[in-house]
Amino acid sequence: MINVARYHLVQPVLFVTLPLAILAFLFAVNAARGGDTWRDGLAVIFLYFFIMGVQRAGGRWLPFGLALGATRRSFYAGTALLGVSMSLVYGLVIAGLQAIERATGGWGLSITFFRVPYLLNGPWYATWLTSFVGLSALFVYGMWYGIVNRRWGMLGLLAFVAVQVPAGIAVAFARTWSGVGGPHPSLSVLGLTGVLAALTVVILAGGHATIRRATV
Amino acid sequence: MLRRLVLVREDQVYPDFKVCHALRAASFCYPNWDAGLASSLLKDYRVRAGKAIKGLSRGQRSALGITIGLAARAEVTLFDEPYAGLDAVARQVFYDRLLADFAAFPRTVLLSTHLIDEAAALFENVVVIDRGRVVLDAAADGLRGMVTTVSGPVLAVDSFTAGRPVWERRGLGSQASVVIVGQVSGDDRERARSLGLDLTPLSLQQLVVRASGRSAGADSLTERTWA
């Protein structure tokens, strides 16, 4: 399992350099445009984790992982472990940058980038927790998509999307993100984070059940 | 158990990374990984470690698979037709390196191949599968000299093969060619020579062809070989 995580990290550019570069680029664009015009740039890093999950579980990493003696289960566990660990790190990065942004009055330019209304706007540890859970959820959710695609192809993917209730976690996340009517007025951010964490566990179990008979 | 297994297959799919990445990934999956062996094999096959795997030729990709399979020194090594796109010289390199490394570090190696005679010398055990059915399962040493073609004048052939299990009989005018099962003793050879008969042991490949063709004969052969 640890070996699978190390196997994914054999090319660290995709886990370290690229997401940080994207983040820096979006931040720069945001700053150049005056700071307050496009605040959803941070969402891209969440999308990145989703795509990463799809690619790692559904792409070409599984076949070679199995050749190196991993089982489907250990591959799944190792990949998820890596995604969750990376989420922990990136959550901390977001929380840290948010703290700096707050302390410097928006980097001295009134830029709002790492502060997201309702969702990521509390103390640093709340931001860390919420972004950690959000990134993890999207990563394992992406993994499940990748596995469904590997096992049943495009038709399976369509069916997979169709059976999910419209208020799936991605939608809920996007809705609360933009601040347009949260999931429920009485639900606090930490409450939402708890719901997301529970969903993540369900998704993990679902993906685990799906990969068992995936062909390579 | 699986952690000690390496699988090298003909159509292995690799992630979009370089040769050195694949080697590094393999190196921490196998405790007995031999980096020196890996780099010397890649050098033999003229595969550069810095090259992207998708930019490799078919043969180079096979060479990479072979390199990983051998350098892993896993307890169980599975080679599933590992040499697509490799020429005869490169295949010989594979056989030589496999034998040398196997001699130094004995372990279980399972090699599936269609190039039977070429690889015949490597085997300790031979299993032939035809359309999902095992038609032959025997120790390679037991198979050598186990099946012989006797050819010559019909009468002489008939007298020589009388009482022996016969696999196949072909006649062409006054000449006959009969495939018999069982060891041929020195006395037998003497007798064959005096009768003017030719004795030719079947190669493993010919044996396999016949075993796939007639399973009844193969069954009796299997029994004999195991006995």
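## A four-stranded sheet in chain B

β6(B) and β8(B) pair in the antiparallel sense over 7 bridges. Two strands count as paired when DSSP finds at least two bridges between them. Helices (H or I, at least four residues) and strands (E, at least two) are DSSP runs, numbered from the N terminus. This is a predicted model, in which local features need pLDDT of at least 70 and side-chain atom pairs count only at pLDDT 80 or more, while totals for chains, interfaces and linings use all residues. Residues are numbered from 1 along each chain as its sequence is written, with chains lettered from A and ligands numbered from 1 in the order in which they are written.

The open sheet has 4 strands in the order β7-β8-β6-β9 of chain B, and its pairing is antiparallel. β7 (166-172) and β9 (198-201) of chain B are the edge strands; each has a single partner strand, so one side of each is left without a neighbour in the sheet. On average, neighbouring strands are turned by 15° against each other, direction ignored. Helix α7 (residues 154-161) of chain B packs on this sheet. The helix touches β6 (147-153), β7 and β8 of chain B, and its direction makes about 145° with that of β6(B). Axes here are lines fitted to C-alpha atoms, for helices over the stretch in contact, and angles run from 0 to 180 degrees between N-to-C directions.

## Partners across the strands

β8(B) pairs with both β6(B) and β7(B). From β6(B), Val147(B) has Val181(B) as its bridge partner. Thr149(B) stands opposite Val179(B) in β8(B). Thr149(B) also has a bridge partner in β9(B), namely Thr200(B). In total, 4 bridges join β6(B) to β9(B), and these strands run antiparallel.

On the other side of β8(B), 6 bridges link β7(B) to strand β8 (residues 175-181) in the antiparallel sense. Val166(B) has Ile180(B) as its bridge partner, and Arg169(B) stands opposite Val178(B). The two strands form a hairpin with 2 residues between them. Gly173(B), in the turn, has a positive phi of about 65°.

## A parallel sheet in chain B

A second open sheet holds 3 strands in the order β1-β2-β3 of chain B, with parallel pairing. β1 (5-9) and β3 (108-112) of chain B stand at its edges; each has a single partner strand, so one side of each is left without a neighbour in the sheet. The twist averages 10° from one strand to the next.

Strand β2 (residues 76-80) of chain B is joined to β3(B) by 5 bridges, and the two run parallel. Leu78(B) has Leu110(B) as its bridge partner in β3(B). Helix α3 (residues 58-71) of chain B packs on the sheet and touches β1 and β2 of chain B. Its direction makes about 165° with that of β1(B).

## Domains of chain B

Chain B is assigned domain 1 (2-112) and domain 2 (140-226); the bounds come from an automatic or database domain assignment. The C-alpha centres of these domains lie 40 Å apart.

## Chain A

Chain A has 9 helices and 0 strands. Of its 216 residues, 37% count as buried. A residue is buried if 20 or more other C-beta atoms lie within 10 Å of its own, exposed if 12 or fewer, and partly exposed in between; C-beta atoms are placed from the backbone.

Two residues are in contact if their C-beta atoms, placed from the backbone, lie within 7 Å. Among contacts in chain A with a separation of 6 or more, 80% are between residues 24 or more positions apart.

## Where the chains meet

In the interface, 19 residues of chain B are in contact with 14 residues of chain A. On the chain B side, β1 and α1 (19-29) each supply at least two residues. α1(B) gives the most, with 6 residues. By class, this side has 13 nonpolar, 2 polar and 4 charged residues. Ala, Val, Leu, Ile, Met, Phe, Trp, Tyr, Cys and Pro count as nonpolar, Asp, Glu, Lys and Arg as charged, and the others, Gly among them, as polar.

## Nonpolar cores

A nonpolar core is a set of buried Ala, Val, Leu, Ile, Met, Phe, Trp, Tyr and Cys residues joined through C-beta atoms within 7 Å. The largest has 83 residues. Leu68(A), Val140(A), Val6(B), Ala22(B) and Ala26(B) touch the most other members. Helix α7 (residues 124-163) of chain A contributes the largest share, 15 residues. Apart from this core lies another of 20 residues, including Leu143(B), Trp167(B), Val179(B) and Leu202(B).
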